[in-house]
Amino acid sequence: MYLLLIAHFLVCKKHVEDNIKMKVAALGVQDKANYLIEIFGDRTSRGFIDSESREEFESRLLQLKNVWENRPTGDEFYTYFVAQIAEDMKCKMILPIRRAADLGDKFFYNNSTESINSGWKSEVEQSKHATTPGKFVSIAEAFVNRYRRNVHRGVVGDGPYKLSQNYQHAAVTEDKWKNMTKKEKAAKISVVDPVGYKKLLTFAATGTSTTPFLSSVNSELNPSENLPDFVSSGLPQYLRGSWEKARDVISKNGVTKINDGTNVVVFITNPRKPHIVNYVTCDCEGFQRETLCAHVIAASHKENLLRNVVSSWKPRLSDLVSSSIPKKAGRKPGPQRYRPSRVAQERNVQDLEQTTPTEYQFPKEEKFTIRWLEGSKLTTCYGCKNRFRKTASDPVPPEPYNIVLCRKQIRAYIPKGTTGLRFTVKPENTYFHLKKSCIQNDTSERIGPQSIRVTEDIKGQLKPIHLNKLKQEFGVNI
């Protein structure tokens, strides 16, 4: 983050919402819907995540403080929210940040990114061959190509993705697609994949392709002693491993014919467990998954049927899709999610009502009391930020400055290493010089004799020099 100085870091709304739901459930809160509406809003109202500025966000959060603390376990939730959520939401989720990222009033989600990431991790974990950088790159290439092919299938509407309204001009029917030239197909695909279509044009010049749409079986697939090069097959890249295994089986005479249409294929790495190939079907797991395997390729090559097998092969789209998505959504614990619609919700905060006032109404301030510096660890005035003394172990200043004014209030502070203003969860003691100007630096209220309370205990300890200073600064007559 420190290297991306001009970047806006966005936080996924769904993940934050799930974290809040888990915390609310852990606290045993019954009316969790109220918390979620106040924070995120709904279809009719704005939450304070839709604040127009950081200052408005802080003000609305303070406005909700009393509301939450009046609910069962609400004080614990407020403490959690301020400590764990508020700063990220204020700096990475409010309206100006989303608009700067060209999201408009909509929330940011990273579900699609996580889905691809989870599918990629699953691909690597399931593979037993990612032992060297070269093999790892091959697995990565196959995964990217499969994802790209699924995007391309959206053009003819037979894949897991559908074209949005803005891309409907690229859609074609399956019959029309079959009659198009490779360059015409590449032009259509360039609409949804501006980078990948260039690769398609390159393959078009050689008569091969990495997509099932453009695949062709050329004349190099004539039966011969050795299996032809994989590129000439026109099969998708993720079947390259099966093709090379078939080449190994053929080179070592691993195919034995039993009768017409039935062959026994001995796999070199495990000769004790041969596979039976009946015409173009096999009993192995690979065939069940891909409808094509190394055993079928090897046996069909032996039977001079390889051209027919390759040209008639079609991928099982449902398996291709399921292999590239997470088996469990997010793979994270949490409450069951209710999804009323998968269509992206358009939001316009101008049409939504405010759930909380944009300005926080601070409670009536307490009166100031007098505290002695002697025997305390006080060093700094909250108003002017200057010190009463350099360190707590230093002698107290001379009279009348050996006393200070104190009251409890919500204290504002800036954590070290940051630029954002924060507020304490609960009122804390703040201390001021015996000067009216110091207090006026912190408040807009009128400071006078009614603002200071002198107890009988303290009154008997004050000296004339203290009394004169109180009268001079605040008009207090004792």
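Glu303 is partly exposed in this predicted model, because its relative accessibility of 24% lies between the limits of 20% for buried and 50% for exposed residues. This residue forms a salt bridge with Lys257, in which the closest N and O atoms are 3.7 Å apart. The pair links distant parts of the chain, since Lys257 belongs to strand E2 (residues 255-259), whereas Glu303 is placed in the loop between helix H13 (294-302) and helix H14 (306-312), at a separation of 46 residues. Lys257 likewise counts as partly exposed, with a relative accessibility of 44%.

A further salt bridge is formed between Glu428 and Arg411, whose closest N and O atoms are 3.1 Å apart. Glu428 lies in strand E11 (residues 428-432) and Arg411 in the loop between strand E8 (403-409) and strand E9 (412-413), so that this contact ties together parts of the chain that are 17 residues apart in sequence. For Glu428 the relative accessibility is 33%, and the residue therefore counts as partly exposed; Arg411, with a relative accessible area of 25%, is also partly exposed. Shared partners are found elsewhere in the chain, where salt bridges join Arg46, Glu52, Arg99 and Asp105 into one network.

The salt bridge between Glu56 and Arg60, with its closest N and O atoms 3.3 Å apart, is set within a helix. Because Glu56 and Arg60 are four residues apart in helix H3 (residues 54-69), about one helical turn separates them. Glu56 counts as buried, because its relative accessibility of 13% is under the 20% limit, and Arg60 is buried as well, with a relative accessible area of 0%. In total, the structure holds 19 salt bridges, among them the pairs Glu56 and Arg60, Lys257 and Glu303, and Glu428 and Arg411.

Another buried residue is Trp177, which has a relative accessibility of 5% and is found in helix H8, a segment made up of residues 174-178. When the position of Trp177 is considered relative to that of Lys188, the two residues are 11 residues apart in sequence, while their C-alpha atoms are 9.8 Å apart in space.

Conventions: Residues numbered from 1 in each chain as written. Predicted model: local features only at pLDDT ≥ 70, side-chain atom pairs only at ≥ 80, totals over all residues. Heavy atoms only, no water. Helix = DSSP H or I, 4+ residues; strand = E, 2+ residues; numbered from the N terminus. Buried < 20%, exposed > 50% of the residue type's maximum accessible area, 1.4 Å probe, protein only. Salt bridge = Lys/Arg side-chain N within 4 Å of Asp/Glu carboxyl O.
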